[in-house]
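Take a look at the fold and at the side chains that link its parts. The report below moves from single residues to the sheet and the helices.

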Amino acid sequence: MLISLIVPCFNEEEAVPCFYKEIVKIGDELNQRYQCGIEVIFVNDGSKDNTLKEVKQLRASDERIRYVSFSRNFGKEAAMLAGLKAAKGDY
């Protein structure tokens, strides 16, 4: 079973590494207890800071990380829809 987590981001370069650190702990626990994997889909909603760079660095070291990036800010609803379309998980 695979759980997809969709994370809309707008100017979150400082929060992304902290979020990743915590979600990996939860993902590892889910895998140990329930043999359940996770994928984390970050949706960069036109950030002007280094959010996309941070996400790309995470992706380079962890295949559970995926991302979608918008050229401008479309809002969280559009980001969630893009994340849902990109999701491969069962839930």
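Start with one polar pair: the side chains of threonine 51 and aspartate 49 make a polar contact of 2.6 Å. This comes from a predicted model.

**Threonine 51**

Threonine 51 belongs to helix 2, which covers residues 51–61. Is threonine 51 buried or exposed? Threonine 51 is buried: its relative accessible area is 0%. The cut-off for buried is under 20%, so a value of 0% puts threonine 51 in that class.

The side chain of threonine 51 has a further polar partner. One of its polar atoms lies 3.1 Å from the backbone nitrogen of glutamate 13. Neighbours within four places in sequence set aside, threonine 51 is in contact with Cys9, Asn11, Glu12, Glu13, Val16 and Asn44.

**Serine 47**

Serine 47 sits in the loop between strand 2 and helix 2. Serine 47 counts as buried, at 15% relative accessibility. Which residues does serine 47 contact, leaving aside its neighbours within four places in sequence? They are Cys9, Phe10 and Asn11.

Cysteine 9 is 38 residues away from serine 47 along the chain, yet their C-alpha atoms are separated by 7.4 Å. The side chain of serine 47 also reaches the backbone nitrogen of asparagine 11, at 2.8 Å. With the side chain of asparagine 44, serine 47 makes a polar contact of 2.6 Å.

Cys9 and Asn11 are thus on the contact list of serine 47, and Cys9 and Asn11 are on that of threonine 51. Asparagine 44 appears for both residues too: as a contact of threonine 51, and as a polar partner of serine 47.

**Salt bridges**

How many salt bridges does the structure hold? There are six. Side chains of opposite charge can pair when their charged atoms come close. The table gives some of these pairs, with the distance between the closest N and O atoms for the arginine pairs and the N to O distance for the lysine pair.

| Pair | Distance |
|---|---|
| Arginine 64 and aspartate 28 | 3.2 Å |
| Arginine 64 and aspartate 62 | 2.9 Å |
| Lysine 76 and glutamate 77 | 3.9 Å |

Arginine 64 forms a salt bridge with aspartate 28. Arginine 64 lies in the loop between helix 2 and strand 3 (65–70), while aspartate 28 lies in helix 1 (residues 15–34), so this pair ties together parts that are 36 residues apart in sequence. Arginine 64 also bridges to aspartate 62. Asp28, Asp62 and Arg64 are therefore linked in a network of salt bridges.

How exposed are the members of this network? Arginine 64 is partly exposed, with a relative accessible area of 25%. Aspartate 28 is partly exposed as well, at 37%. Aspartate 62 counts as buried, at 7% relative accessibility. The other tabulated pair sits in another setting: lysine 76 is exposed, and so is glutamate 77.

**The sheet**

Three strands form an open sheet in the order 1-2-3, with parallel pairing. Which strands are at the edges? Strand 1 (2–9) and strand 3 are the edge strands, each pairing on one side only. Neighbouring strands of this sheet are turned by 20° against each other on average, direction ignored.

Strands of a sheet pair through backbone hydrogen bonds, either parallel or antiparallel. Strand 1 and strand 2 (residues 37–45) run parallel and are joined by eight bridges. Proline 8 has valine 43, in strand 2, as its bridge partner.

**The helices**

Helix 1 lies across strand 1, strand 2 and strand 3, and runs at about 160° to strand 2. Helix 2 also lies across strand 1, strand 2 and strand 3, and runs at about 155° to strand 3.

Two packed helices are described by the angle between their axes and the distance between the axes. Helix 1 and helix 2 pack at about 30°, with axes 9 Å apart. Angles under 35 degrees count as roughly parallel. Helix 1 and helix 2 are therefore roughly parallel to each other.

Which residues meet between the two helices? Val16, Pro17 and Tyr20 in helix 1 meet Thr51, Glu54, Val55 and Leu58 in helix 2. Threonine 51, the buried residue described above, is thus part of this helix contact.

Notes: Residues numbered from 1 in each chain as written. Predicted model: local features only at pLDDT ≥ 70, side-chain atom pairs only at ≥ 80, totals over all residues. Heavy atoms only, no water. Helix = DSSP H or I, 4+ residues; strand = E, 2+ residues; numbered from the N terminus. Buried < 20%, exposed > 50% of the residue type's maximum accessible area, 1.4 Å probe, protein only. Polar contact = N/O pair within 3.5 Å; in protein donor to acceptor, adjacent residues only side chain to side chain. Contact = heavy atoms within 4.5 Å. Salt bridge = Lys/Arg side-chain N within 4 Å of Asp/Glu carboxyl O. Pairing = 2+ DSSP bridges. Axes fitted to C-alpha atoms, helices over the stretch in contact; angles between N-to-C directions. Parallel < 35°, antiparallel > 145°, perpendicular 65-115°, else oblique.
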